[in-house]
Amino acid sequence: MNDTAGMEPWQWPEAHWREIVNHVRAGRTLKPKAWKDGARCAVAFSFDSDHETNELRDGGGSISKLSQGQYGARKGVPRILDILKRHAVPASFYVPAVTALLYPEEQRRVVAEGHEVGIHGWIHERNSVLPLDAERDLQMRSADTLEKVTGVRPVGIRTPSWDFSPHTLAITRDMGLLYDSSLMADDDCHELTLDGEATGVVELPVEWIRDDAVYFNMDRFSTLRPYTPPSGALEIFKAEFDAAYADGGIFQLTMHPHHVGHRSRIAMLEALIRHIRTHDGIWFATHADVVRHAKANG
Ligand SMILES: [Zn+2]
């Protein structure tokens with residue numbers, strides 16, 4: 001790539017932009033004809049338990065922002081777990097290692113109640129700004145830390161902020177992880193390729209459309225404001241589910257305890273579950289179980 005140094009993108013040779021595009025790609029689709037026990041639609045809820053790490057990862061120590069993160073642990077996660085238990089819905093929690101070390105009991109409760117805990121970085125770092133050695137070390141230490149805290153070795157990763165470096169997929173493959181859930185090339189599970197080669201790593205795709213942070217996040221010192229009411233987010237999520245159901249696919253949703261855990265919003269989550277429950281042939285599952293089924297039957 002050195003021969004392109006100093007070039008503008010419109011001057012790049014074709015081989016160069018092809019190399020960039022083909023580095024990490026969606027490969028073969030893994031869409032099963034039916035889900036577990038003949039279900040028509042798989043529903044995969046996820047909660048990214050960032051808590052205080054959103055502030056720490058930028059080197060910040062704002063007591064105000066840290067308190068916002070603590071809300072996720074004090075109020076958000078308990079409310080979420082209560083609702084999931086009431087409706088018998090298993091889910092996946094992506095937990096930075098620092099969160100797991102700050103709140104080990106929370107992670108043990110999550111696992112004890114039948115949910116999955118997956119990798120979500122060390123301190124919610126941005127992978128794309130890390131040197132390779134640091135990224136590899138942090139990803140492996142994160143997996144070890146989660147295993148030490150929960151007693152269960154994680155099988156999947158959601159990169160912090162869905163940020164992906166050119167090395168992330170190779171690290172994930174070399175660690176023998178079953179899946180990633182950070183990329184957006186499809187609605188259905190598929191195998192990721194690296195420079196044209198199959199990796200064996202399954203992608204369970206995410207999308208900003210199905211992320212509560214897009215609608216609910218707020219920052220006092222920038223123009224970031226939540227303009228969507230919980231009813232608006234519910235309308236969007238219901239429409240995404242309805243289309244996934246019609247398609248016989250996956251309805252995957254990303255939420256954050258410090259966003260969705262608030263009183264005015266947690267009711268939205270329960271209303272969404274009730275809406276989904278009015279349909280026949282729903283399989284609520286962790287991301288790991290959805291991926292296992294897709295890999296075996298896709
Ligand atoms: Zn996160």
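These questions and answers walk through a predicted model.

Visitor: Which residues coordinate the zinc ion?
Guide: The donor atoms sit at 2.0 to 2.6 Å from the metal. Two of them are OD atoms, and two are NE2 atoms. The OD atoms belong to Asp50, and the NE2 atoms to His120 and His124. The residues are therefore Asp50, His120 and His124.

Visitor: Is the site of the zinc ion tetrahedral or irregular?
Guide: Look at the angles among the four donor atoms. They run from 54 to 140°. Four donors count as tetrahedral if all angles lie between 85 and 135 degrees. The range goes outside those limits, so the site is classed as irregular.

Visitor: What spacing do the donors of the zinc ion follow along the chain?
Guide: Read the donors in chain order. Asp50, His120 and His124 supply the atoms. The spacing is D-x69-H-x3-H.

Visitor: How many residues apart are Asp50 and His124?
Guide: Asp50 is in the loop between strand 2 (41-48) and helix 2 (53-56). His124 is in the loop between strand 4 (116-119) and helix 6 (132-150). The pair links distant parts of the chain, and the separation is 74 residues.

Visitor: Is Asp50 buried or exposed?
Guide: Buried means under 20% relative accessible area. Asp50 has 2% relative accessibility. That value is under the cut-off, so Asp50 counts as buried.

Visitor: What is the relative accessible area of His124?
Guide: His124 is another donor residue of the zinc ion. It is buried, because its relative accessible area is 3%.

Visitor: Which side chain makes a polar contact with the side chain of Ser92?
Guide: Ser92 lies in strand 3 (residues 92-95). Ser92 is buried, with a relative accessible area of 0%. A polar atom of its side chain lies 2.8 Å from the backbone nitrogen of His287. The side-chain partner, at 2.6 Å, is Glu116.

Visitor: Which residues make the nonpolar surface patch of about 260 Å²?
Guide: One member is in the loop between strand 6 (179-180) and strand 7 (190-194): Met184. Met184 counts as partly exposed, at 33% relative accessibility. The patch is made by Met184, Trp208 and Val214.

Visitor: How far apart in space are Gly59 and Ile157, C-alpha to C-alpha?
Guide: Gly59 is in the loop between helix 2 and helix 3 (63-86). Gly59 counts as exposed, at 69% relative accessibility. Along the sequence, Gly59 and Ile157 are 98 residues apart. In space, the C-alpha to C-alpha distance is 23 Å.

Terms used
Residues numbered from 1 in each chain as written. Predicted model: local features only at pLDDT ≥ 70, side-chain atom pairs only at ≥ 80, totals over all residues. Heavy atoms only, no water. Donors = N, O, S within 2.8 Å, 3.2 Å for Na, K, Ca; no water. Tetrahedral: all angles 85-135°; square planar, octahedral: opposite > 155°, others 65-115°. Helix = DSSP H or I, 4+ residues; strand = E, 2+ residues; numbered from the N terminus. Buried < 20%, exposed > 50% of the residue type's maximum accessible area, 1.4 Å probe, protein only. Patch = residues over 30% accessible without salt bridge, like charges linked within 9 Å, V, L, I, M, F, W, Y side chains within 5 Å. Areas by Shrake-Rupley, 256 points an atom, 1.4 Å probe, with all protein chains shown as cover. Salt bridge = Lys/Arg side-chain N within 4 Å of Asp/Glu carboxyl O. Polar contact = N/O pair within 3.5 Å; in protein donor to acceptor, adjacent residues only side chain to side chain.
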